[in-house]
Amino acid sequence: MLDIKFIRENKDLVSEGAKKKHIDFDVNALIEIDDKRRELLTMIENKRAEQNDVSQKIVNVSEPEEKKKMIENMQLLKTELQKEEEELKTVMLEWQKLMVSVPNIPDISVPEGLDDKDNREVKVFGEIPKFSFTPKNHIELMQNLDMLDLERGAKVSGFRGYFLKGDAVRLQFALWQFVQEHFFQKGDWKQMIVPSVVRREVFMGTGYLPQGEEDLYKTQDGDYLSGTAEVATMGYFMDEVLDIKDLPMKVLSFSPAYRREAGAHGKDTKGLIRVHEFYKFEQVVLCEASHAESVKFHEEIQRNTEELMEALKLPYHVVANCGGDLGLGQVKKYDIEAWLPSENTYRETGSASYFHDFQTRRLNIRYRDEEGKMRFVHSLNNTALSGRPLIMIIENYQQEDGSIKIPDVLQKYMGGQTVISKKS
RNA sequence: GGAUGGAUGGCUGAGUGGUCUAAAGCAACAGUCUUGAAAACUGUCGCCUGGGUAACUGGGCCGUGAGUUCGAAUCUCACUCCAUCCGCCA
């Protein structure tokens, strides 16, 4: 959500921002409604002032006739007041509906464009592997090594269901330990394992609702399953006032992630690229309300993820997402995409974005600045490691005989094992 | 599922229809004292919002929403959340 005062003062900026994101939003309609809201509010406040004033005087009037007359006048005033309040309520409903759909303004450095085809490559790391044989995809590799069971996954869990088995489990846990240790070594990251069942309020606050309802699983109690630990981590700080000494607040959160993939029925139907349920480490940062701080930490959390990929020696590139590929609240976003040999292309493994105070205004997360003024903190998040890098490791590290080398940095978490090969 | 209690500013917490314009304490900020710091003392100090260059000033906010009343933190109703106990499950 943006500040209505800011919207009024910068309506062209807001309008152009929406256009850049290819979101249809009529700023003038909002301002028109806001004019009406202000006009009503002034009328109501004047009547309330009179009511407060007279009510206080009534106490001291001893003359019964005079007192009676004053009360009668106040009854009349009250009727008018109630009528205007009713009117205001109607206006407010429309006002709120528009307010939650105002898109945040994309940064000037965000490329123009409609969808992910227009994203701009900003960094490339590593050599794309050249195989002296035809590389297999992760499904074949994993099934041959008894690391994956999709048939039983479908039997038990349904479409996109899967079981990870054997060395896949060991490799996956090695990855989690590696990530956890990497962030622990930085010293200034707090770690949490956070809930995935989260109340509606928090989804509203983080901007996943009201838009995006069909992408979420819902419980019969009206709660939702979150697709990222970002939601619960932000919710942790909801309605709280942070001490400026605790900023920046850096949190590495782990949780299961659930995604309905409602709009992606035909996409990536095989294997582990697109699944309904996976685990993920997420970085969340809350910082002081300055654009420069947001940019600084955006680069930092992006770099953190790159460090992980580099340590794992996975070829990747980074794209700056274009306007049309940004969410409602995002100011700027980088996607990190790792090389997937079987598709001969880069596939997304993580996404780093910052929001200014778009989320924290809704969630009411504040701090007191140097001057003692209450301000909304800025929020950012980035994937640290999702479920996908496991797939990239398996495909990039495959050898001609179908065995898979284990990345150097993971070997110590697997008892010194260097390769995954067929058990005799 | 049943029973009981609760929700007040950054925090703790008083407040049962009209000086509540929300006590008090803590924290914070400024000052005095001090070589410096602490302590002590003095003063300032809730949040949101309208108007005004400013001094200042209007309105709202005591979990949320309705209601009673000339007037509600306070009375009534509904809801949400939290805590404790019992039951159920593990």
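This note goes through one helix, the nonpolar cores, the surface near the RNA strand and two buried hydroxyl residues of a model that is predicted.

1. Helix α2, which spans residues 11–20, has Val 14, Gly 17, Ala 18 and Lys 20 as its buried residues. These residues lie on the same side of α2, because they cover an arc of only 160° around the axis. An α-helix has 3.6 residues a turn, so residues three or four places apart point the same way. On the other side of α2, Asp 12 and Lys 19 are exposed.

2. What lies over the buried residues of α2? The cover includes helix α1 (4–9) and helix α3 (27–58). Just after α2, the backbone at His 22 takes a positive phi of about 60°, a value that a reader following the chain from α2 may wish to look at in the model.

3. The largest nonpolar core holds 56 residues, and of these Leu 171 and Leu 410 touch the most other members. Helix α7 (residues 167–186) supplies the largest share of this core, namely eight residues. In soluble globular proteins, nonpolar side chains tend to be buried together.

4. Which residues does Leu 410 contact, once its neighbours within four places in sequence are left aside? They are Leu 171, Ala 174, Leu 175, Phe 178, Leu 312 and Ile 393. A second core, separate from the largest one, has 25 residues, among them Val 202, Leu 209, Leu 216 and Tyr 367.

5. Around RNA strand B there are 20 residues, of which Glu 45, Ala 49, Ser 55, Gln 75 and Lys 78 come nearest. By class, the residues of this surface divide into seven nonpolar, four polar and nine charged. Of the atoms of RNA strand B within 4 Å of the protein, 78% belong to sugar or phosphate, while the rest belong to bases.

6. Three side chains can be followed individually at RNA strand B. An N or O atom in the side chain of Asn 52 is 3.3 Å from a phosphate oxygen of the strand, and a polar side-chain atom of Arg 368 lies 3.4 Å from a phosphate oxygen of RNA strand B. For Arg 366, a polar side-chain atom lies 3.5 Å from a sugar or linking oxygen of RNA strand B. The elements that give two or more residues to the surface near RNA strand B are α3, α4 (64–99) and β14 (366–368), and α3 gives the largest share, with eight residues.

7. Is Thr 360, a residue of helix α11 (residues 358–363), buried or exposed? Thr 360 is buried, because its relative accessible area is 0%, which falls under the 20% limit. Not counting residues up to four places away in sequence, Thr 360 touches Met 234, Ile 365, Phe 376, Val 377 and Ser 379.

8. Ser 351 belongs to strand β13, which runs over residues 345–354. Its relative accessibility is 15%, and Ser 351 therefore counts as buried, the limit being under 20%. The side chain of Ser 351 makes a polar contact of 2.9 Å with the side chain of Asp 335. Setting aside residues up to four places away in sequence, Ser 351 touches Asp 335 as well as Lys 333, Tyr 334, Asn 381, Asn 382 and Thr 383.

Definitions and conventions: Residues are numbered from 1 along each chain as its sequence is written. Chains are lettered from A and ligands numbered from 1 in the order in which they are written. This is a predicted model: local features need pLDDT of at least 70, side-chain atom pairs count only at pLDDT 80 or more; totals for chains, interfaces and linings use all residues. Side-chain values use heavy atoms; hydrogens and water are left out. Buried means under 20% relative accessible area, exposed over 50%, partly exposed in between (1.4 Å probe, protein chains only). Helices (H or I, at least four residues) and strands (E, at least two) are DSSP runs, numbered from the N terminus. The arc is that of the directions from the helix axis to the C-beta atoms. Contact means heavy atoms within 4.5 Å. A nonpolar core is a set of buried Ala, Val, Leu, Ile, Met, Phe, Trp, Tyr and Cys residues joined through side-chain atoms within 4.5 Å. A residue is near a molecule or strand if one of its heavy atoms lies within 4 Å of it. A polar contact is a pair of N or O atoms within 3.5 Å; within protein, one must be able to donate a hydrogen and the other to accept it, and residues adjacent in sequence count only if both atoms are side-chain atoms. Ala, Val, Leu, Ile, Met, Phe, Trp, Tyr, Cys and Pro count as nonpolar, Asp, Glu, Lys and Arg as charged, and the others, Gly among them, as polar.
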